[in-house]
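Biologist: I'd like to go through this one by asking how each label was earned. Can you take me from the value to the verdict each time?

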Amino acid sequence: MRVRLALLCVALLLFSCSSNQDWRTASRESAGIAPDPAQTPEAVLHVYGADAWGWRGWFAIHTWVAAKRTGEDSYTVYDVVGWRASRGNPVVRIAKDAPDRYWYGATPRLLKELKGPGVDAVIDAVERAARNYPWPQEYKAFPGPNSNTFVAWIGQQVPQLELDLPFSAIGKGYSGLN
């Protein structure tokens, strides 16, 4: 009886690991969290997290930063994407993009928000930190460096963010990062 129960549990676990969803077709649309930049003249800085792709999402999140300076009509997204390394590209991506995209089907959560006066200076500091990230060509899901290492690095370099990433931000403590 115990053997059957164990086999049943293993089968259920394996079945739940497989997904009919393909990362290439998973949603990357805006989740509608970020203020419309055309309607929001003030500076906005957001830190997002969403469940990692596939089975990793059971226990880990992917994090990124999105910002728009006062008067800008679009957001700049700062993130690390591991597959870029396999193509010989830097893993750090700094680009105009939708700030609150679904992370391959996973709904983003707002982890930190700064708005209004003084935020432009914080965004400038984030930009400098992102450009000085010490592992721009490296990616390793565990223990890092990864997307969470990148966002933790920014938080460490920009203390005014007062960023405290959740436990599920695996890699946030890579190489001495808090």
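Modeller: Sure. One term to settle before we start: contact means heavy atoms within 4.5 Å. With that, the buried residues of α4 pack against β1 (44–51), β2 (61–68), β3 (76–80), β4 (92–96) and α3 (119–131). Bear in mind that this is a predicted model.

Biologist: What is the mean pLDDT of the chain, and where does pLDDT stay under 50?

Modeller: The mean pLDDT is 87, and 85% of the residues reach 70 or more. Over residues 7–20 pLDDT stays under 50, and for that stretch the model has three contacts beyond four places in sequence. Where pLDDT is low, the predicted coordinates should not be read in detail.

Biologist: What is the order of helices and strands along the chain?

Modeller: The pattern reads α-β-β-β-α-β-β-α-α, which comes to four helices and five strands. Of the 178 residues, 41% are buried. As for contacts between residues at least 6 apart in sequence, 63% join residues at least 24 apart.

Biologist: What makes α4 count as mostly covered?

Modeller: Nine of its 11 residues are buried. Among them are Phe150, Val151, Trp153 and Ile154. At the start of α4, a side-chain oxygen of asparagine 146 comes within 2.9 Å of the backbone nitrogen of asparagine 148. The cut-off for a polar contact is 3.5 Å, so on distance that pair qualifies.

Biologist: How do you know that β1 is paired with β2?

Modeller: Pairing takes at least two bridges, and eight join β1 to β2, so they pair. The two run antiparallel. One example is alanine 50, whose bridge partner in β2 is histidine 62.

Biologist: What makes β5 a partner of β1 too?

Modeller: By the same count of at least two bridges, the six between β1 and β5 (residues 109–115) are enough, therefore they pair. These strands also run antiparallel, and glycine 49 stands opposite arginine 109 in β5. As for cover, seven of the eight residues in β1 are buried.

Biologist: Which residues touch the most other members of the largest nonpolar core?

Modeller: Leu45, Val126, Phe150 and Ile154 do, in a core of 29 residues. β1, β2, β3, α3 and α4 each supply at least two residues of this core, and the largest share, seven residues, comes from α3. Apart from this core lies another of 12 residues, including Tyr48, Ala66, Tyr75 and Val81.

Biologist: What does isoleucine 154 contact, leaving aside its neighbours within four places in sequence?

Modeller: Isoleucine 154 is in contact with Val65, Val126, Ala129, Ala130 and Leu161.

Biologist: Why is alanine 169 called buried?

Modeller: Its relative accessibility is 1%, and buried means under 20%, so alanine 169 counts as buried. This residue lies in the segment after α4. Leaving aside neighbours within four places, alanine 169 is in contact with Ile61 and Asn148. Its C-alpha atom is 6.8 Å from that of histidine 62, although the two residues are 107 apart along the chain.

Biologist: And why is threonine 40 buried?

Modeller: Because its relative accessible area is 9%, against a limit of 20%. Threonine 40 sits in the loop between α1 (2–17) and β1. Beyond four places in sequence, threonine 40 is in contact with Pro35 and Lys68.

Biologist: Tyrosine 104 and glutamate 162 each have a positive phi of about 50°. Why is tyrosine 104 buried, and why is glutamate 162 exposed?

Modeller: Tyrosine 104 has 17% relative accessibility, which is under 20%, so this residue counts as buried. Glutamate 162 has 61%, and exposed means over 50%, so glutamate 162 counts as exposed. Neither label rests on phi. Tyrosine 104 is in the loop between β4 and β5, whereas glutamate 162 is in the segment after α4.

Biologist: Which peptide bond leading to proline 143 is cis, and which one leading to proline 145?

Modeller: The bond from phenylalanine 142 to proline 143 is cis, with omega near 5°. The bond from glycine 144 to proline 145 is also cis, with omega near 5°. Proline 143 lies in the loop between α3 and α4, and proline 145 is found in that loop as well.

Methods
Residues numbered from 1 in each chain as written. Predicted model: local features only at pLDDT ≥ 70, side-chain atom pairs only at ≥ 80, totals over all residues. Heavy atoms only, no water. Buried < 20%, exposed > 50% of the residue type's maximum accessible area, 1.4 Å probe, protein only. Polar contact = N/O pair within 3.5 Å; in protein donor to acceptor, adjacent residues only side chain to side chain. pLDDT = per-residue confidence, 0-100. Core = buried A, V, L, I, M, F, W, Y, C linked by side-chain atoms within 4.5 Å.
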